[in-house]
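Me: I'd like to go through the salt bridges in a model and check why each label applies. Could you take me through them?

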Amino acid sequence: MKAARITGAARGIGLATTDILCAQGWHVVMVDRDAEELMARASECHAVTAAVHDISDPGQVDKMIAVTLAGRGQIDALVNNAGVADFGPIEQTSFARWRGVMVTNLDGAFLCTQAAHTPLKASRRELVNIASISGLRATTL
(Lines give C-alpha, C1' and ligand atoms only; values in the text may rest on other atoms or scores of the structure.)
Protein backbone atom coordinates (compact mmCIF):
# COMPACT_ATOMS: atom_id res chain seq x y z
CA MET A 1 0.00 0.00 0.00
CA LYS A 2 1.38 3.40 -0.97
CA ALA A 3 1.83 5.93 1.85
CA ALA A 4 1.21 9.68 1.53
CA ARG A 5 1.67 12.48 4.00
CA ILE A 6 -0.64 15.49 3.63
CA THR A 7 -0.15 18.67 5.65
CA GLY A 8 -3.14 20.85 6.46
CA ALA A 9 -5.30 17.74 6.11
CA ALA A 10 -8.07 18.58 8.58
CA ARG A 11 -10.11 20.64 6.12
CA GLY A 12 -10.36 22.04 2.60
CA ILE A 13 -8.00 20.86 -0.13
CA GLY A 14 -6.00 18.70 2.30
CA LEU A 15 -9.11 16.81 3.42
CA ALA A 16 -10.35 16.41 -0.16
CA THR A 17 -6.93 15.07 -1.20
CA THR A 18 -7.03 12.64 1.72
CA ASP A 19 -10.45 11.38 0.58
CA ILE A 20 -9.25 10.88 -3.00
CA LEU A 21 -6.08 9.00 -2.03
CA CYS A 22 -7.95 6.81 0.48
CA ALA A 23 -10.46 5.91 -2.24
CA GLN A 24 -7.53 4.89 -4.44
CA GLY A 25 -6.14 2.57 -1.76
CA TRP A 26 -3.40 4.77 -0.27
CA HIS A 27 -2.57 4.97 3.41
CA VAL A 28 -2.58 8.67 4.33
CA VAL A 29 -0.84 10.32 7.24
CA MET A 30 -3.07 13.35 7.88
CA VAL A 31 -1.04 16.16 9.45
CA ASP A 32 -2.53 19.27 11.03
CA ARG A 33 -1.98 21.39 14.12
CA ASP A 34 -5.73 21.58 14.83
CA ALA A 35 -5.99 18.39 16.90
CA GLU A 36 -9.76 18.46 17.44
CA GLU A 37 -10.65 18.94 13.77
CA LEU A 38 -7.98 16.48 12.65
CA MET A 39 -9.21 13.70 14.92
CA ALA A 40 -12.82 14.26 13.84
CA ARG A 41 -11.91 14.00 10.14
CA ALA A 42 -9.43 11.13 10.54
CA SER A 43 -12.13 8.94 12.05
CA GLU A 44 -14.02 9.10 8.74
CA CYS A 45 -11.47 7.06 6.75
CA HIS A 46 -10.03 3.71 7.83
CA ALA A 47 -6.78 4.11 5.87
CA VAL A 48 -5.39 7.11 7.73
CA THR A 49 -3.11 7.96 10.59
CA ALA A 50 -3.73 11.30 12.30
CA ALA A 51 -0.58 13.18 13.28
CA VAL A 52 -0.88 16.43 15.21
CA HIS A 53 2.19 18.48 14.28
CA ASP A 54 3.00 22.12 13.62
CA ILE A 55 4.99 22.16 10.39
CA SER A 56 6.55 25.51 11.27
CA ASP A 57 8.59 23.75 13.97
CA PRO A 58 11.65 21.88 12.60
CA GLY A 59 11.65 19.42 15.51
CA GLN A 60 8.01 18.51 14.94
CA VAL A 61 8.65 18.05 11.22
CA ASP A 62 11.55 15.67 11.89
CA LYS A 63 9.38 13.73 14.35
CA MET A 64 6.55 13.58 11.81
CA ILE A 65 8.86 12.02 9.20
CA ALA A 66 10.28 9.55 11.73
CA VAL A 67 6.78 8.47 12.83
CA THR A 68 5.68 8.05 9.21
CA LEU A 69 8.70 5.93 8.35
CA ALA A 70 8.40 3.85 11.52
CA GLY A 71 4.75 3.10 10.82
CA ARG A 72 4.78 2.70 7.04
CA GLY A 73 8.44 2.13 6.12
CA GLN A 74 8.30 4.60 3.24
CA ILE A 75 6.83 7.82 1.95
CA ASP A 76 5.46 7.66 -1.57
CA ALA A 77 3.97 11.15 -1.65
CA LEU A 78 4.25 14.40 0.24
CA VAL A 79 1.53 17.01 -0.24
CA ASN A 80 2.58 20.38 1.19
CA ASN A 81 -0.87 21.89 1.63
CA ALA A 82 -0.87 23.56 5.06
CA GLY A 83 -1.35 27.29 4.99
CA VAL A 84 -2.73 30.13 7.04
CA ALA A 85 -4.11 33.53 6.10
CA ASP A 86 -4.12 36.75 8.06
CA PHE A 87 -6.03 39.40 6.18
CA GLY A 88 -5.89 43.07 7.01
CA PRO A 89 -4.61 46.41 5.83
CA ILE A 90 -0.83 46.60 5.47
CA GLU A 91 -0.60 49.52 7.86
CA GLN A 92 -2.19 47.37 10.57
CA THR A 93 -0.10 44.28 9.88
CA SER A 94 2.80 43.88 12.27
CA PHE A 95 5.93 42.03 11.28
CA ALA A 96 5.02 39.34 13.84
CA ARG A 97 1.68 38.75 12.06
CA TRP A 98 3.51 38.61 8.73
CA ARG A 99 6.02 36.06 10.06
CA GLY A 100 3.15 33.99 11.48
CA VAL A 101 1.88 33.47 7.94
CA MET A 102 5.29 32.96 6.34
CA VAL A 103 6.55 30.48 8.94
CA THR A 104 3.70 28.11 8.07
CA ASN A 105 3.10 28.81 4.39
CA LEU A 106 6.71 28.97 3.20
CA ASP A 107 9.01 27.72 5.93
CA GLY A 108 6.70 24.76 6.63
CA ALA A 109 6.74 23.58 3.02
CA PHE A 110 10.53 23.96 2.94
CA LEU A 111 11.01 22.04 6.21
CA CYS A 112 8.70 19.20 5.15
CA THR A 113 10.32 18.87 1.73
CA GLN A 114 13.80 18.91 3.22
CA ALA A 115 12.91 16.30 5.86
CA ALA A 116 11.15 14.01 3.36
CA HIS A 117 13.76 14.36 0.62
CA THR A 118 15.69 11.16 1.33
CA PRO A 119 12.66 8.84 1.72
CA LEU A 120 10.95 10.38 -1.33
CA LYS A 121 14.10 9.95 -3.38
CA ALA A 122 14.36 6.33 -2.23
CA SER A 123 10.77 5.57 -3.25
CA ARG A 124 11.11 7.65 -6.45
CA ARG A 125 7.66 9.12 -5.83
CA GLU A 126 5.76 12.38 -5.67
CA LEU A 127 6.03 15.86 -4.15
CA VAL A 128 3.07 18.24 -4.54
CA ASN A 129 3.07 21.86 -3.36
CA ILE A 130 -0.30 23.59 -3.01
CA ALA A 131 -0.40 27.39 -3.12
CA SER A 132 -3.00 30.01 -2.43
CA ILE A 133 -4.85 32.01 -5.05
CA SER A 134 -3.16 34.97 -3.35
CA GLY A 135 -0.02 33.94 -5.21
CA LEU A 136 -1.75 34.89 -8.45
CA ARG A 137 -3.74 37.96 -7.46
CA ALA A 138 -3.67 40.46 -4.64
CA THR A 139 -6.38 40.71 -2.04
CA THR A 140 -8.02 44.00 -1.23
CA LEU A 141 -6.21 46.43 1.03
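Reply: Sure, here are a few of the pairs and their labels. Bear in mind that this is a predicted model, where local features need pLDDT of at least 70, side-chain atom pairs count only at pLDDT 80 or more, and totals for chains, interfaces and linings use all residues. Residues are numbered from 1 along each chain as its sequence is written, and side-chain values use heavy atoms, with hydrogens and water left out.

Me: What makes Arg-33 and Asp-54 a salt bridge?

Reply: The term asks for a side-chain nitrogen of Lys or Arg within 4 Å of a carboxyl oxygen of Asp or Glu. The closest N and O atoms of Arg-33 and Asp-54 are 3.7 Å apart, so the pair qualifies. The structure holds six salt bridges.

Me: Why is Asp-76 called buried?

Reply: Buried means under 20% relative accessible area, exposed over 50%, and partly exposed in between (1.4 Å probe, protein chains only). Asp-76 has 1%, so it is buried.

Me: And its partner Arg-125, why does that count as partly exposed?

Reply: Arg-125 has 40% relative accessibility, so the in-between label fits. The N to O distance between Arg-125 and Asp-76 is 3.5 Å.

Me: How do you know that Asp-107 and Arg-99 form a salt bridge?

Reply: Their closest N and O atoms are 2.8 Å apart, so they meet the distance criterion. Asp-107 is partly exposed at 28%, and Arg-99 is partly exposed at 31%.
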